[in-house]
Structures are given as C-alpha cells and as structure tokens.
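Biologist: Pick one part of this protein and walk me through it slowly, please. I'm new to reading structures, so keep it friendly and take it a step at a time.

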Amino acid sequence: MNHLEPASQSRQQQIFTVTRLNSAVRMILEQDLGLVWLTGELSNLAMPSSGHWYFSLKDMSAQVRCAMFKGNNRRVPFRPQDGMQVLVQARVSLYEPRGDYQLIIESMQPAGDGMLALRFEELKRRLGAEGLFDEGRKRPLPREPRAVGLVTSATGAALHDMLTVLERRAPDLPVFIYPTQVQGSAATAQIVSAIMLANRRAEVDVLIVGRGGGSLEDLWCFNEEAVARAIAGSAIPVVSAVGHEVDVTISDFAADLRAPTPSAAAELVAPDRSTRAQRLVHLRQRLTQAMSRHQVAARHGFVLLQKRLDHQDPKRRLEQQSQRLDELDRRLQQHLRDRLHQGERRLAGLAMRLQARSPEKRLAIGKRRHQLAEERLHALIAKRQDLARHRLAMLGARLDGISPLATLGRGYAIVRTPSGEVIRRASQVNAGQTLITTLAEGALRVRVDEVDNC
C-alpha cells in the first residue's frame, strides 16, 4: 500500500480545473510562439459597434479564428472584405471562456504588397545583423568633388532633374552618366554592373544611385540584396536617391547618405556657386593670415638663429672657455686649501688625542690619584680614631657614673650573706649572723649583735 501512495498524490497534484487549463494553454501559446506572419483569405468578417474586428483566416484546407482590436485596426489603410487575400502579423492565443484557439492580429495589409514588405523586413534584418548598415561604415561626401557620377535611367525624369540642379549649382562640375534600367527583372544586374563600372574607372568622387517615384513593385530592384551589397562595397561614396521622400529602400540603408529625392541628392553633392565663392574668399583670407603668421614666425626664427650664431662665435666661445677654466682653477685651489686645512685640523686633533692617551701621562695621573686616595684614607683613619677615642671617653665617663665602685668610693658599702645574697632590709638578718661587707677597697666579715627593724 505504501508504494501506491506517492502515485496517488502525484495524480491529485495534476488535476486541473477547466479555467486553469485554458489559462495555462494560453500562456504556453503566447510565450512559445510569439509574433508570427501568415497570409490567407478573409471570411466571416464581423465589425460590431465596439470597434473590434472578428473574422476567420483560411486557405485551401484549414482556417483559424482571428480577432483584431480597435487599437490595431485603426492603422489598417484599407477596408477589409470577405474573400480578400491579406498578410497579417499575429500573436497566437486562446479565448479562455470557450477554449477556442485564435489569433490576435497586430497588423494587416493586402497580400501582394504584404509579401514584398515581408521580404523587405527580412532582408533588412539580415543585412543589418551583418553590420552592412552600421554608421561606422558610412563615409563623408567630398566637400569639393572633382566629378559626379549618376547611376540611373538615361530617359527618366530623375536624370533631367539632377542635371538641372547640377547645372544651376556647379556648371563647371563634370558629370558622368552610367545608364541603367531602374525597373523590371533586368534592372538589378544592370545597377550592380553600373556601380562596378564606376569603381573600375575611378573617374568620379561621388555616385548618385536612384530613380523617380513609383509603386513598391516599381522600386523593388533597389530592395534587392545584390544592389545593397554593391552599394556597401563601393570604394566611391554613394548617395541613394530612390523615389519620393516617403519611399524607403534597402539601398537607402546601405548607402553612405540617403537623399529624399534625386533633386535633393544633386543639391547635396554639388556645392552652390555662391557658397563656393564665399568659401574661396574664406580660404583666401585663411591663406593670407597663414602666410602672414608664417612670415612673422620666419622672422622670429631668423632673429633666434642670429642670436644663436652670435653665441656660437669661436672667439666668444674661446673667451668663455678661458674664463670658465680660470674659474675652475680658482675653485680647485680653494678646494685644495680647504682640504689641507681640514687635514691639519684633523692631525692636530689626533695628536691631542694621542697625547691624552700617553702611558706616562696616564701613569702620572694614576700615581696622583693613588696619592690622593692614600691621603684621604689616612685622614679618614685618623678621623675615625679620634671619634672612637672621644666616644670611648664618653662611654667610660657614663660607666663610671653608674659603676658600684664609684658609689662605694663615696663611703657606701655592700652587705651580703655568705651565700652572696645582698642585704637590703634589716629584717633579712638575724642577730649573731655573719655578714660580708664590701667596701671601696677590701671587704669585712662582721657579726650582727643586734637587729633594729625600725
């Protein structure tokens, strides 16, 4: 039973509600697939008052429900109808209340132009990822070109417009035309050949590649990869001038500069006559100022060189060297004298130190110290003896003062029993007892006849 419990718990953890399941599936679809491009036929188109569009997108064998909310369908430039072929960019999703798989449409365009737009975006993304459009690859146009090359149709209005502008702005500027088709299946190869021809001849400083306006299909040769690579690989700076200002092609991204129209391209590459005149005046002023500064600098340099030449005169240099030699000789003599004096002072100091360390002098000093020490020792001994005699006399006087003999000398006597006991009171003695009396000189043996205790 125990081995079945984890499996039962696992099955319980995987139980979904319908709401939870639909929500999980919607998140999986939106996160894993993201935005997709697809083409198909519109059917069952509904446009309720809410402003949202609901329809099906189908092909020969399948269909899918779609919703396009009003925030996105406002940007659709045409009125969609059932049966119309369209190209859409959509987000795959799920309508959770019914569990219906559907597409949320982000953008819509007619299928013909839409396929071309899709090819345009894909090529733009791929070439951009290669770095073909990086700003670091762009080169500046020459400020004063020697000649201008035009890669365009020999019969188009764009050529006439560019020649008119160039004639007006720079009538003396040479123009080389590299005629080519600018529309149709053969145009791509001819445009590439014209660009390569201009690079081989190297007779111009800047190229204008372009044509007048037209539909997306008319301009498509300028969206071909071969043309973009030929423009990016050109050693000559290229200005792209395709169609009108609103038209954007792959050539515009690959070129060094994009012009909104062919006429604008001619304006960009050809300096205006008045502007050139002003620039020439400005350059003349700069040249005059530079020459003036150069002359001033040259005169200043000449003066400096003259001064240097004066300083380098052989006679003056000889005089300076002689003076320098005298100065060095004086300094050498002074240095020798100083060193000699230092040596003499050092020698005198060493002699004094040697004399101070002489054995005879040190012996005499030792003898003198010994004599002084001996005298101090005798004096100290005599002083100590005098102090000892004085102290002995004082102690003798003090001893005499307390001596029993001195007391006996003044007429006193010491009375003892034969056993040596000192008699201090009469009651210690009995009549007929023999006592010994010690005097200052000698002693008496006496007998007591009578005892008086009063």
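Modeller: Start with N223, which touches F120, L123, L216, V248, T249 and I250, leaving aside residues up to four places away in sequence. Keep in mind that we're looking at a predicted model. You'll find N223 in the loop between strand 8 (206–211) and helix 7. With a relative accessible area of 3%, N223 counts as buried, because the cut-off for buried is under 20%.

Now follow the chain from that loop into helix 7 (residues 225–232), which packs with helix 6 (residues 187–201). The angle here is about 10 degrees, and the axes are 9 Å apart. Angles under 35 degrees count as roughly parallel, so that's how helix 6 and helix 7 run relative to each other. Who meets whom? From helix 6 come T188, I191, V192 and I195, and from helix 7 come A226, V227, A230 and I231. Sort the residues of this contact by class and you get seven nonpolar, one polar and no charged.

Let's stay with helix 6 for a moment. It has 15 residues and reaches 21 Å from its first C-alpha to its last, close to the 21 Å expected at 1.5 Å a residue. Its buried residues are A187, T188, I191, V192, A194, I195 and A198. Seen down the axis of helix 6, these buried residues fall within an arc of 160 degrees, so they line one face. Here's a handy rule: an α-helix has 3.6 residues a turn, so residues three or four places apart point the same way. What do the buried residues of helix 6 pack against? Their partners are strand 6 (148–152), strand 7 (175–179), strand 8 and helix 7. Flip to the other side of helix 6 and you'll see A189 and R200, which are exposed. Just after helix 6 comes A202, with a positive phi near 50 degrees.

For another example of a helix with a buried side, try helix 5 (residues 157–169). At 1.5 Å a residue, its 13 residues should span 18 Å, and the end C-alpha atoms are 19 Å apart, which agrees. Buried in helix 5 are A158, L159, M162, V165, L166 and R169. These cover an arc of only 135 degrees around the axis, so they sit on the same side of helix 5. Facing away from that buried side, helix 5 carries the exposed residues A157, H160 and E167.

Key: Residues are numbered from 1 along each chain as its sequence is written. This is a predicted model: local features need pLDDT of at least 70, side-chain atom pairs count only at pLDDT 80 or more; totals for chains, interfaces and linings use all residues. Side-chain values use heavy atoms; hydrogens and water are left out. Axes are lines fitted to C-alpha atoms, for helices over the stretch in contact, and angles run from 0 to 180 degrees between N-to-C directions. Helices (H or I, at least four residues) and strands (E, at least two) are DSSP runs, numbered from the N terminus. Angles under 35 degrees count as roughly parallel, over 145 as roughly antiparallel, 65 to 115 as roughly perpendicular and the rest as oblique. Contact means heavy atoms within 4.5 Å. Ala, Val, Leu, Ile, Met, Phe, Trp, Tyr, Cys and Pro count as nonpolar, Asp, Glu, Lys and Arg as charged, and the others, Gly among them, as polar. The expected span of a helix is 1.5 Å times one less than its number of residues. Buried means under 20% relative accessible area, exposed over 50%, partly exposed in between (1.4 Å probe, protein chains only). The arc is that of the directions from the helix axis to the C-beta atoms.
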